[in-house]
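Hello,

Here is the structure I promised to pass on to you. Please open it alongside this note, and then read on for what turned up.

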Amino acid sequence: MEQNNYNEIETERVENFDEKSNGLCVCMICKNIFIHPCQCANCKAHFCTECIDSWVSKNPGNCPLCKSFRKISPHPLLNNLLSSLKVKCAYHPKCEEVLEYDFLLKHEEHCKFNEKIPCEVKKRSHNSFSAEDFVNNSTY
Ligand SMILES: [Zn+2]
Ligand SMILES: [Zn+2]
Ligand SMILES: [Zn+2]
C-alpha cells in the first residue's frame, strides 16, 4: 500500500452525511469521501486523484468504468457538495473539532493530536540530556 500524507475520510466521519445526496461524494475505488477529486472526461465518473492515478498505473489508459480515461477537473457541483460536508477530525474522539470539508485537510495537518510531527520534536528534546548532566549528578 502507498502511504498518504493525509487521512482517508471515511463516510462515518461525516456528521451530516445523507446517503441520497452525498452518495455522489464517495469514491468507488476507496469507498471514502473524495480527496482532491478529478473526473474522467469519457464516462464523467469522479475519483480521488490518488486513487485513479494508482489505478491507471496498473491499468494503463483505463478507468474502472470505461476504456479511455482522460483526467479533467471535477464538476463544479461536486465541489459544492463536498464543501457542504461537516467532517469530524481524523483524531476524534481526542480532538473534538468538526470541520467543513474545505478546511479539514489543513486542520488535520496541524491538529495537535496528529502525532506524525511531534514525534521528531520529542526525540530531539530527549537527546538534549547531555553526558555532562549525568557526570555532575553522580559526583557528590
Ligand atoms: Zn478514492
Ligand atoms: Zn471513465
Ligand atoms: Zn483535530
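The buried residues of α4 pack against α3 (76-83), β4 and β5. Please keep in mind that this is a predicted model. Helix α4 spans residues 101-110, and its buried residues are Y101, L104 and E108. They sit on the same side of α4, because the arc they cover around the axis is only 15°. If you turn the helix round, the face pointing away from that buried side carries the exposed residues D102, F103, K106 and H110.

Now the wider picture. The chain has six helices and five strands. Following the sequence, you will meet them in the pattern α-β-β-α-β-α-β-β-α-α-α. Of the 140 residues in the chain, 17% are buried. As for contacts between residues at least 6 apart in sequence, 42% of them join residues at least 24 apart.

Next, have a look at the loop between β4 and β5, the two strands already mentioned as packing partners of α4. P93 lies in this loop, and the peptide bond joining H92 to P93 is cis, with omega at about 0°. K94 belongs to the loop too, which runs between β4 (86-88) and β5 (98-100). Is K94 buried or exposed? K94 is exposed, because just 9 other C-beta atoms lie within 10 Å, and a residue counts as exposed at 12 or fewer. The C-alpha atom of K94 is separated by 9.7 Å from that of K112, with the two residues 18 apart along the chain.

One other loop deserves a look while you have the model open. In the loop between α1 (19-22) and β1 (37-40) you will find K31, and H36 is in the loop between α1 and β1 as well. Each has a positive phi without being a glycine: the value is near 65° for K31 and near 50° for H36. What about their surroundings? K31 is exposed, since it has 11 other C-beta atoms within 10 Å. H36 counts as exposed too, because its C-beta neighbours inside 10 Å number 12, and the cut-off for exposed is 12 or fewer.

If you only have a few minutes, I would begin with α4 and its buried residues Y101, L104 and E108, then move to the cis peptide bond between H92 and P93, and finish with the positive phi values of K31 and H36.

Happy browsing, and best wishes

Notes. Residues numbered from 1 in each chain as written. Chains lettered and ligands numbered in written order. Predicted model: local features only at pLDDT ≥ 70, side-chain atom pairs only at ≥ 80, totals over all residues. Helix = DSSP H or I, 4+ residues; strand = E, 2+ residues; numbered from the N terminus. Buried ≥ 20, exposed ≤ 12 C-beta atoms within 10 Å, placed from the backbone. Contact = placed C-beta atoms within 7 Å. Arc of directions from axis to C-beta.
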